[in-house]
Amino acid sequence: MTADAIASTPSLPTVQQGSFLTLHYRLAGPAGDVINTFDEKPATLSVGTGELSPALEQRLIGLAEGARATFELAAGEAFGERNPDMQQWVARKLLSELGDPDEEYAVGDVVEFPTPDGMGQYAGVVLQVNDDGAVRFDFNHPLAGVPVTFEVQLIGVL
């Protein structure tokens, strides 16, 4: 190949802050997958907007379109350490106001709540249900405080 041909070959785009990505990804902890899009339609996200944790975004920076990579992150690196203050009791009255008043909650259920501004959602896992209907939730990320495997296949980078 001549120098002219090499110079005219377009290079693949790489992930930068602000890049818009189409990708498949998998997040797994010691208990297995928490998110896996490889068998579904790909995800789309924008780097630097908080859609992924900063530690995960940092692994993507510099990867070229078409790349497939797997990263092992140490316990707490991807989503921080588990915070005991993120385990909280929610009164039955508030649960009824936020959702279905006849909802039955069981240990292990994942319940989504609206953010205070109403623009998004966050989830909590049921840890305990009291006789009075109050529910103790864990609002920590499910992968907080554990080692995480992050696998990614970049389909498109804009």
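## A negative patch around D100

With a relative accessibility of 40%, D100 counts as partly exposed, because that value falls between the limits of under 20% for buried and over 50% for exposed. Keep in mind that what you're looking at is a predicted model. To find D100, go to the loop that runs between α3 (92-98) and β6 (110-114).

D100 isn't on its own there, as D102, E103 and E104 join D100 in a negative surface patch. If you colour the surface by charge, these are the four names to look for: D100, D102, E103 and E104.

## The salt bridges

How many salt bridges does the structure hold? The count is 5. Several of them come together, with R26, D33, R68 and E151 linked in a network of salt bridges.

Let's start with R26 and D33. Their side chains meet in a salt bridge, with 2.9 Å from N to O. R26 counts as buried, at 18% relative accessibility, so it sits under the 20% cut-off. Its partner D33 counts as partly exposed, at 44%.

R26 also pairs with E151, and here the closest N and O atoms are 2.9 Å apart. This pair ties together distant parts of the chain: R26 belongs to strand β1 (residues 20-29) and E151 to strand β9 (residues 148-157), with their positions 125 residues apart.

## E151 and its other partner

Is E151 buried or exposed? E151 is buried, its relative accessible area being 13%. The other arginine of the network, R68, forms a salt bridge with E151 too, and the closest N and O atoms of that pair are 2.7 Å apart. Again the link spans distant parts of the chain, from R68 in strand β4 (residues 68-73) to E151 in strand β9, 83 residues apart.

So if you trace the network by hand, D33 bridges to R26, R26 bridges to E151, and E151 bridges to R68.

## G156, further along β9

Strand β9 also holds G156. This glycine counts as buried, with a relative accessibility of 15%. Where the chain puts G156 and E65 91 residues apart in sequence, the fold leaves their C-alpha atoms 5.6 Å apart in space.

## Loops around A91 and G133

A91 is in the loop between β5 and α3, and it is partly exposed, with a relative accessible area of 45%. G133 is in another part of the chain, the loop between β7 (121-129) and β8 (135-138). Unlike A91, which is partly exposed, G133 counts as buried, at 14% relative accessibility.

How far apart are G133 and A91 in space? Their C-alpha atoms are 7.1 Å apart, although 42 residues separate them in sequence. A91 can also be compared with N130: those two are 39 residues apart in sequence, and 9.6 Å apart from C-alpha to C-alpha.

## A75, and a wider gap

A75 has its place in the loop between β4 and β5 (87-90). It counts as partly exposed, at 41% relative accessibility. Pick A134 as the other end of a ruler and you get 31 Å, C-alpha to C-alpha, for two residues that are 59 apart in sequence.

## What the record says

For annotation, there's an unreviewed UniProt entry, which lists residues 18-83 as "domain: PPIase FKBP-type". In the model, that span is 11% helix and 38% strand. The C-alpha atoms at the two ends of residues 18-83 lie 30 Å apart.

Note on methods
Residues are numbered from 1 along each chain as its sequence is written. This is a predicted model: local features need pLDDT of at least 70, side-chain atom pairs count only at pLDDT 80 or more; totals for chains, interfaces and linings use all residues. Side-chain values use heavy atoms; hydrogens and water are left out. Patches are made of residues with over 30% relative accessible area and no salt bridge: like charges are joined within 9 Å, nonpolar side chains (Val, Leu, Ile, Met, Phe, Trp, Tyr) within 5 Å. Accessible areas come from the Shrake-Rupley method with a 1.4 Å probe; for residues, only the protein chains shown count as cover. Lys and Arg count as positive and Asp and Glu as negative; His and the chain ends are not counted. The place of a charge is taken as NZ of Lys, CZ of Arg, CG of Asp or CD of Glu. Helices (H or I, at least four residues) and strands (E, at least two) are DSSP runs, numbered from the N terminus. Buried means under 20% relative accessible area, exposed over 50%, partly exposed in between (1.4 Å probe, protein chains only). UniProt positions are given in the numbering used here, feature names are shortened, and annotations may be inferred rather than shown by experiment.
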